[in-house]
There are 2 protein chains.
Amino acid sequence: MKTITIYDIAEEANVSVSTVSRVLNDTAPVKASTREKILKAIEKHQFQPNALARSLLKKETGTIAMILPDITNPFFPEVFWGAENVARSKGYTFFLCNTAGDYSRESEYLSILREKRVDGIIFLGGRINLSNCPPELSQEVIEMAMRVPIVLVNGNLPKSGLHRIYTDEAEGATIATQHLIDLGHRDIGFIGGLDYTSTTLVKVKAIKKKLKEYGIDLKKEWIQSGEFSVQGGRDLMNKMLNQVRRPSAVLCVNDFTAIGAIKAAFEHGLRIPEDISIVGFDDSPLSTAVIPELTTISQNTNQLGELAVEMLDQIINGNNPKKQIVLKPYLVMRQSTGPFKKI
Amino acid sequence: MKTITIYDIAEEANVSVSTVSRVLNDTAPVKASTREKILKAIEKHQFQPNALARSLLKKETGTIAMILPDITNPFFPEVFWGAENVARSKGYTFFLCNTAGDYSRESEYLSILREKRVDGIIFLGGRINLSNCPPELSQEVIEMAMRVPIVLVNGNLPKSGLHRIYTDEAEGATIATQHLIDLGHRDIGFIGGLDYTSTTLVKVKAIKKKLKEYGIDLKKEWIQSGEFSVQGGRDLMNKMLNQVRRPSAVLCVNDFTAIGAIKAAFEHGLRIPEDISIVGFDDSPLSTAVIPELTTISQNTNQLGELAVEMLDQIINGNNPKKQIVLKPYLVMRQSTGPFKKI
DNA sequence: TTGAAAGCGCTAACAG
DNA sequence: CTGTTAGCGCTTTCAA
């Protein structure tokens, strides 16, 4: 099937291609009768202009990309959902690049996206969540950002000066800790997260600080780092509970690990929250899917995506948005935390 | 920053653009020394060819799209994960189009994707999951498929002759029913799913058939249709349990509703599986996140995505793959089902 | 209000 | 092995 072009339409309507282009883009007045003829020809052939040709000329593609580590982790679809909604309203289509946390895949995608001339990139997880990102990896993104607008979500590249938007995770951890303290807990543990990711370190630090205010120590044996997954949380919680002294409450790096922790607690015959309190982080849909429902820290996941696109769009349009947006997390109290009781 | 082109490289290296193109694509032998010069120039300027220009010429973009209703439903990220993996290995990048189940958004995306000249489209949910798809909606997809390869996943458009790949949901429902029967259950109910979606109807039909083999009737009051969500499952299960006669086991349209059902059962003071058995569908990651872990039907979600891309790639390359691939689901026994006990 | 023509950046004959 | 050249399909001056 011969693909039909603007020339075919022009011929059919007895006009020049420029006129066709004009009605296509409504870019200059066209006599009503000619417009009719053209529209008719377009309709007849089901003509759709070739966006590639247009983009080549206009140097914009109406396409943005989201690079993220794991679309299977419910946190990311939530961000995507928000992002996609506002992107669509602004006329962008989304590339989704799943990297499985593999830095070389991030690089690969970065390169492909530049070739495809995306208008902008939203970057989540992976290298930007490293507490100590190797200079080459960091440099690559920074150089990229000189050519195509980039927004970092919930991450950072030191001294990069890149635009970013993130949840104040320290604040979130602080709130969660305060919540447990208010409930009377003093023996508090922390579970999950790779100990070289900033998302983990930031939280641990904030928890320590808050506890110190109350003269409480975060015991080393009660900090367990590992996978971000359900199974990870379970394993870590098992380690935690196999110790002679157990905490009466546990903060988790995300909802996944919190759920793992709940499972482990059950397996140890503990009741939640009567015997042990557990707090998640993210307020992903998961948190209401478990029993007991998870007390967790919400980070406005949809909004994170929405604002990221908003910001990206600003950069693309040459406005100079603020370099940083910080979102305040808040506590969502549900069923997995309760007052401390001496066992 | 002037974007640099193949011409700049040619000039810098004192060769013609065709030679540059040759080393870029390795499409013809080039003297080692010239290649060096060119490579050096490319490196120096960080040159990356413009994929738009190339695509315009070659009539292929290395881009495919996935249209789906709700990336927030964990079933879809699983499919995407599988799809993305093989797509990447074949050199495709993915557009992700979230439609929120809105048919007009599907149409909108269909149109945009054609303008952007994607090489192919994978379509899930929405209109292709309607037991009775309006002709206009159906026709639109069929016409689209004449211009760009389309693969339908877990859905169908009657008489369209479109390529498709799907799980044998009837088989899945049959297996699940058999499982309950084998456990001694006779009072079996069904929960969830909009009653105009084929995914719901197919299951109900299969369940009825299997039950009939054992001379059992699927009572009308024990078929509850509604949302596909956790909350939906919960509401429906509540209705179910508020009746004078309750089933001893319930089959659910997906894992979401199954989890809702579990919650409702708990709220009614029932133990699972001692007092009531519950079976999910999909074997999404959720199913091991709940307590008790869900007995469910696995539909090889990753593989669904992988094969969809495989098939799409075949069509794109003009091979003529089989029109249909059917995946066999299987039972994953976990903790939410148990032998029937007279209460 | 309309048309002619010059590109956008790249690939692929066709010559040499 | 390398260069010339004609487009791919569209937008946009510049003239008319």
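This is a short talk on how chain A and chain B touch in a predicted model.

Okay, some housekeeping. Residues count from 1 along each chain as its sequence is written, and chains are lettered from A, ligands numbered from 1, in the order in which they are written. Since the model is predicted, local features need pLDDT of at least 70 and side-chain atom pairs count only at pLDDT 80 or more, while totals for chains, interfaces and linings use all residues; side-chain values use heavy atoms, leaving out hydrogens and water.

So, how many residues does the contact take from each chain? It's 56 from chain A and 56 from chain B, with contact meaning heavy atoms within 4.5 Å. The buried area is about 5,300 Å², and carbon and sulfur atoms give 55% of that. Buried area, by the way, is the accessible area (1.4 Å probe) that two parts lose on being put together, summed over both. On chain A's side, A:Gln48, A:Leu52 and A:Ile291 lose the most area to chain B, together 13% of what that side buries.

Now the charges. Between the two chains there are eight salt bridges, each a side-chain nitrogen of Lys or Arg within 4 Å of a carboxyl oxygen of Asp or Glu. In one salt bridge, A:Glu84 meets B:Arg105 at 3.1 Å, N to O.

Which parts of chain A are involved? Among those supplying at least two residues each to the side that touches chain B are helix H5 (75-89) and helix H6 (103-115); helices here are DSSP runs of H or I, at least four residues, numbered from the N terminus.
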